[in-house]
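Q: I'm new to this one and would like a close look at a single part, taken slowly. Could you start with one serine and its surroundings, then walk outward from there?

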Amino acid sequence: MTKLTLTARRKGASEEYTPLDANSLCAQVRILSGTGMSDAPLVQEIIITAETDFEGVIRIAMPSVACTPRFFLPGFMYGTNRGEAPLVVDSKCPRLRQNGEFPASSWWMVRSDRLSHPCAFAYGDGRLTGFAASPYFVYCDNQRKPWQPGIQGEFDQYTGFGCSLQAGEIWYTLGYENAPWFFLDSHQYSPRAPLDANGFTLAKGETVAVCLHCFDIPADDERALHDVLKWVYWQYHEPPRRLLSVKETVRDIATAITLDAWLPEHHTYSGFVFDRGDHFEYNPLPSISWTNGLSAAVPMLVSSLRLKDEAMRRQALDCIDDIAHHSINRQNDLPYLIKQDGQWSNCGWWYDRQRTPGHAAYLVGQSVYLILKAYEWEARERGIEHDHWLAFAKRIIARTEKSRNADGEYPYILSEKTGAGVEYDSFSGAWCMAAAAYYSFLTGDRMYMDGLLHSEGWYHDAYVRHQECYGGPLDIDKNIDSEGILAYIRAVRYLHEITDEAYLLDHLRDALYYEYTFKFCYNSPIQVPPLGTIGWSSCGGSITSVTNPHIHPMSSSVMDEMSYFLSKQEDVYIRSRLEDTLLWSCQCHNTIDREYGYGRKGWMSERFCHSEGLVKERYPDGTLASTWFALMPWACGSILEGLTGEMWPEDVKENGEVSAL
């Protein structure tokens, strides 16, 4: 195990980190236990003493054994965050590049809660090295202590994590910096701020002790990350709070959408609903899926079938039928992506962020997958086969199956004139693979299987194996995200269900494990209301991407796929993650009017700000809020999709524990 290096930076001094003795600090490092393996990390205790009063940041560095390491700070840094890709893009995020200009840097530091797990790792030359350490300090028994599960105390101070390509190091800090830049979001950022409340204080003679759980393991590829993340998960895991049952949650959310979000003249739901006290204000935000349309309507249809609510079902059917009957572009047999003022087109709210015009595969594939889900549920629960829905799906899949390139990858964008692929290099097209796999499963038609299996292998080897899935949603300029993998998870589930090939179950596990790198393992001590005041839990929620630093509910939609894996193979890690996701999903909406500072009972937005990122909404008095003050049916749809499948009450105990998997 390589030696740790300690440096510090005093408040008001140079921005450079200098040796401890230059800052009137001294340290003692001792090994307490362990070997450095994934099941027994080497525990190093660092005891720091101040010789004079100190305020600033103390940095503990671990060098990587790799010549050119790839870094993994879960939820924040994956490899280099595509530092080798072009930097002049609309949506910006921290990237690593040896000699890069903004938004690239050769090093990054960030507050601990920007990560989903309190750890940092470096991979390369056949090894994975790194450490886990406490994400914050608390006052307990009149002492300042690093937090760990079981320690109860008053919140004191966040810690920090970082990495340096130039030095080949990963960092842990007492106190923290957001440096060299702080990203509020992908369009609002600011240079490194002076040390202030983010500094760590030690009085003369005061001592503080922290432990680093250090790893050094052999690694065939980047998936070795999961061997150590499992340990980190169990070490720091806190389950989400238990609030409502599955049925109560579904009824609250679905009823609110039915009553407050339906726009009959548009045959769809409003993308946003704002409560202005004496009236509602609507922003339709039209799209056939992703942020509206089928992403809301299909989960609402399934909810209506579960709740036996016919009025709810009629609304959902109206939306689905409108898309199935009218959205097809006759030039290429692909669906147009929005309808606005009675006109169908591909010019959605994301359009000007695309580098290439055309049909976005993300929405094309997702819309087909969702309409197939509606078809299956109506046939199963009501005995009604909506043949035009199946014909809609078949027609589009016939076109998208011709669009793969020689690698087997589906396009990012398809031509509006011919349907040919005009841009690739992204995970977006995995939704086309998911749609075709689902179609093959439902109909028994195996004509696409050879191509699907080839594509699945390509996505796994090119993206999943390297823990670098980028280019899912259209609003982040092909940065790394947690959304695209949700399509791949669905695709692999159905390919395995068709073939029963063992390697596909392994690939499903790999994909779930990748998604879990974005999923919080503990409950972050959020300081901003309403999340910081109502008891909301971060554990079980997934960070959206390295670009959009908030938790959104989309990962809740693949609870069925987790359940499917467990029906084939036991995995206590996946089982616990499933339970986290279930409990998290049942505590994110208003259980009473204005519980989250806005809206009616059942309302929920997409935005849960677990850190400083995206904290932009304000209460009427001007103070900041840690959520978005709007009902957003597509976001609710992700919760509904997850809870109305295998997680429905026949399979769930009253206390929320998964019981029948």
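A: Let's start with Ser 287, which in this predicted model has a relative accessibility of 7% and so counts as buried, the cut-off being under 20%. You'll find Ser 287 in the loop that runs between β24 (280-283) and α3 (294-307). A polar atom of the Ser 287 side chain sits 3.3 Å from the backbone nitrogen of Asn 292. If you skip the neighbours within four places in sequence, the residues in contact with Ser 287 are Asn 292, Gly 293, Leu 337, Ile 338, Trp 350 and Leu 363.

Let's follow that last contact, Leu 363, to a helix pair. Helix α5 covers residues 361-382, helix α6 covers residues 387-400, and their axes come within 9 Å and cross at roughly 150°. Since an angle over 145 degrees counts as roughly antiparallel, that is how α5 and α6 are placed relative to each other. Their crossing is left-handed. On the α5 side, the residues that meet α6 are Val 364, Val 368, Ile 371, Leu 372, Ala 374, Tyr 375 and Glu 378. Facing them from α6 are Asp 387, Trp 389, Leu 390, Phe 392, Ala 393, Ile 396, Ile 397 and Thr 400. By class, this contact has 12 nonpolar residues, 1 polar and 2 charged.

Helix α5 turns up again around α11. Helix α11 (residues 559-568) is mostly covered, with 8 of its 10 residues buried. Those buried residues are Met 559, Asp 560, Glu 561, Met 562, Ser 563, Tyr 564, Phe 565 and Leu 566. Their cover includes α5, along with α9 (484-499), α10 (502-516), α12 (572-585) and α13.

One of those covering helices, α13, has a partner worth a look too. The axes of α2 (residues 246-260) and α13 (residues 633-643) come within 10 Å, crossing at roughly 150°. That makes α2 and α13 roughly antiparallel, so their N-to-C directions are close to opposite in the sense of that angle. The crossing is left-handed here. From α2, Val 246, Thr 249, Val 250, Ile 253, Ala 254 and Ile 257 meet Pro 633, Cys 636, Ile 639, Leu 640 and Leu 643 of α13. That contact is made up of 10 nonpolar residues and 1 polar one, with no charged residues.

Now for the loop between α12 and α13, where Arg 600 lies. Is Arg 600 buried, exposed or partly exposed? With a relative accessible area of 30%, Arg 600 is partly exposed. Leaving out residues up to four places away in sequence, Arg 600 touches Asp 260, Asp 275, Gly 277, Phe 280, Asn 590 and Asp 593. Two of these tie back to elements you've already met: Asp 260 falls within the range of α2 (residues 246-260), and Phe 280 within that of β24 (280-283). As for His 589, 11 residues from Arg 600 in sequence, the C-alpha to C-alpha distance between the two is 9.5 Å.

Helix α10 leads to another loop. Trp 536 is in the loop between α10 and β32 (542-543), and a relative accessible area of 5% makes Trp 536 buried. Its contacts, not counting residues up to four places away in sequence, are Arg 241, Ile 526, Leu 531, Ile 551, Trp 584, Gln 587, Cys 588, Tyr 596 and Phe 608. Trp 536 and His 610 are 74 residues apart along the chain, yet their C-alpha atoms are separated by 10.0 Å.

A last stop is the backbone itself. Most residues other than glycine have a negative phi, and most peptide bonds are trans. Lys 478, in the loop between α8 (449-464) and α9, has a positive phi of about 60° although it is not a glycine. Lys 478 counts as buried, at 4% relative accessibility. Asp 125 is not a glycine either, and has a positive phi of about 55°; Asp 125 sits in the loop between β11 (119-124) and β12 (127-132). With a relative accessible area of 53%, Asp 125 is exposed. As for cis peptide bonds, one runs from Phe 102 to Pro 103, with omega near 10°, and another from Ala 179 to Pro 180, with omega near 0°.

Terms used: Residues numbered from 1 in each chain as written. Predicted model: local features only at pLDDT ≥ 70, side-chain atom pairs only at ≥ 80, totals over all residues. Heavy atoms only, no water. Helix = DSSP H or I, 4+ residues; strand = E, 2+ residues; numbered from the N terminus. Buried < 20%, exposed > 50% of the residue type's maximum accessible area, 1.4 Å probe, protein only. Polar contact = N/O pair within 3.5 Å; in protein donor to acceptor, adjacent residues only side chain to side chain. Contact = heavy atoms within 4.5 Å. Axes fitted to C-alpha atoms, helices over the stretch in contact; angles between N-to-C directions. Parallel < 35°, antiparallel > 145°, perpendicular 65-115°, else oblique. Left-handed = near helix turned anticlockwise from the far one by under 90°. Nonpolar A, V, L, I, M, F, W, Y, C, P; charged D, E, K, R; others polar.
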